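Student: I am new to this structure. Please take a close look at a single part and walk me through it.

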Amino acid sequence: MEKLYQEIILDHYRTPHHFGLRDPFDAEVHHVNPTCGDEVTLRVRLEPADDNDDPIVTDISYEAMGCSISQASTSVLTDLAIGRPLSEVLATLGEFTTMVTSRGTIEGDEDVLGDGIAFAGVSKYPARVKCALLGWMAFKDAAVQSVEASAAP
Amino acid sequence: MTDQLTASAVGAQADVIGPTAGDVPEHPVLSAAELTAAQDVPVSGAALSPADIDRIRADFPILERTVRDGKPLVYLDSGATAQRPVPVIDAEQEYVTGHNAAVHRGAHQLAEEATDFFESARQRIAAFIGAGNPDEVIFTKNATESLNLVAYSFGNATFSDQPAAQRFKLGPGDEIVVTEMEHHANLIPWQELCRRTGATLRWFKVTEDFRLDLSEIDELINARTRVVAFTHQSNVLGTINPVEILVAAAQKVGALTVLDACQSVPHMPVDVSALGVDFAAFSGHKMFGPSGVGVLYGRYDLLAAMPPFLTGGSMIEQVFIDHATFAAPPARFEAGVPMTSQAVGLGAAVDYLGDVGMKAVAAHEASLTGYALQQLSANPGLRIIGPAGTVDRGGAVSFVVDGVHAHDVGQILDDAGVQVRVGHHCAWPLHRRFGIAATVRASFALYNTPAEVDALVAAVADSQRFFGVG
């Protein structure tokens, strides 16, 4: 059990980072896990970079109701994403998704995932994968909407 | 008496199963009188002793396995799906290895035997639930399909020009009444039927003490009411609803009653004729039978007037290139080749339950439920979502643990080998009613023991320690 519920996860669960909904934001999404009823409302704020067209994720704010895994993974996501270029965050998201859906076959790269590596144990429990991905998928959705909104004339 | 019944179950288990082509089915087609007699034989109501339960457990091979690194399996999720005893597994195997053919088709010997197996199962299931006529038992793939069958048939009646179907027509001004404690399977088909026909959906609320709020029954069930669909026993709360009151109110205004009996038929004596309901639905896999088979009971005169749901082979009377007429029930509602071995297995499951006696099953589960409620209530950080006592209450025990999400409780329980369900249990509106996202649910069956309740209680306390709230 300690492999699944690492101390990092329990810490983020008890004290989630960047919790609450804030302005300004470019897109807000509401995602649910239909199997358990867990919910997250998440906002993303992107700002143009000075020297290229890869925007910076300047804020992720959220309200969520859910289990320790879903709450902690959303909190970890905000730590990993805020202040970084969107392309890097999406690469991290890809790595995180690959790890947690691997049924324990892919350990994950700590250099890429940071605290996200603590969720490696989730991959052995297929029923919990959706919990770990709830906030991340909400972010992906909101980021896409933000980019589309900024591209619109 | 209980010794006798378990001996018979063990006897069935010991039978060598092999190719037995040419054998007559184990359960020949019975007359109505024999069916009535058969139903009366086993029930004694005598309490099952721990030794009886040990012998019953031995009939369920899966209960011997371990999970999560060698922990004994503590299976407390029978409300989701129950495990199967050897006689059920053997009955399916006997049918498949010795008698398999497409039923009601062909004139060869195997087809005759297969049809006898299938129809014998229908007769025994009809007797088990007190249906007056085996033709009132329709095989479906599960209770969800049974409930959809009724809802879609009423929807089809709305667009039918058949005189007999007119009584089921629905439209604006008509009302369908459900309850706030329904499983989605007895809610969404009615939501959708209302959407298609313009009828209005209404519902009974649930009180703070987890019972149906009947205070507005005369307003809710009124001259506009056409259907009253409700669960016999809540799959979350365990609450057993007052069928007689709801049926009387529906009958007074000429509304049809649809009973979700998924959580009652496996756990207590249910006599659909005595209850007076027009329809009842239940699933095989929740009552020691196979998955892939469910039952719709319907009053014959209603079934005979209802339009079909699924159409195609086997459900016809005559077919022309541009139209068709339909067979009498139950065939009208059993299009295509049915789930034959599953129906045979369900027949064996009702034999098994009948041999134990449903009063004895109910008494054993009530005793487990009472013990679980008592032990869990002693935990101050835990709140039972359901009636506190065993009166008008079945063996689904749902709860929330302060400070620990149901998924996390379930994970710690799973690590201890205790298999429960977590989430909203397909009753999301009920969870919303109580302002909770998810509950932990332990649900009991005949094979569970007080020691398993102890394992549950201990694992819940472990989860509180693990998350630092205990």
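Tutor: Here is one strand of chain B and its partners, followed by the side of that chain that touches chain A.

This is a predicted model, where local features need pLDDT of at least 70, side-chain atom pairs count only at pLDDT 80 or more, and totals for chains, interfaces and linings use all residues. Residues are numbered from 1 along each chain as its sequence is written, and chains are lettered from A and ligands numbered from 1 in the order in which they are written.

Start with β10(B), residues 294-298. Strands here are DSSP runs of E, at least two residues, and helices are runs of H or I, at least four, numbered from the N terminus. The strand is mostly covered, with 5 of its 5 residues buried. Buried means that 20 or more other C-beta atoms, placed from the backbone, lie within 10 Å of a residue's own. B:Gly294, B:Leu296 and B:Gly298 point one way, while B:Val295 and B:Tyr297 point the other way.

Now its partners. Strands pair if DSSP finds at least two bridges between them. β4 (137-140) of chain B runs antiparallel to β10(B), joined by 4 bridges. There, B:Thr140 is partnered with B:Gly294. β9 (279-283) of chain B is also antiparallel to β10(B), with 5 bridges. B:Phe282 has B:Val295 as its bridge partner.

Last, the side facing chain A. In all, 14 residues of chain B are in contact with 11 residues of chain A. Contact means C-beta atoms, placed from the backbone, within 7 Å. α14 (406-415), β16 (421-423) and α15 (428-433) of chain B each give two or more residues to that side. α14(B) gives the most, with 5 residues.

Terms used. Contact = placed C-beta atoms within 7 Å. Buried ≥ 20, exposed ≤ 12 C-beta atoms within 10 Å, placed from the backbone.
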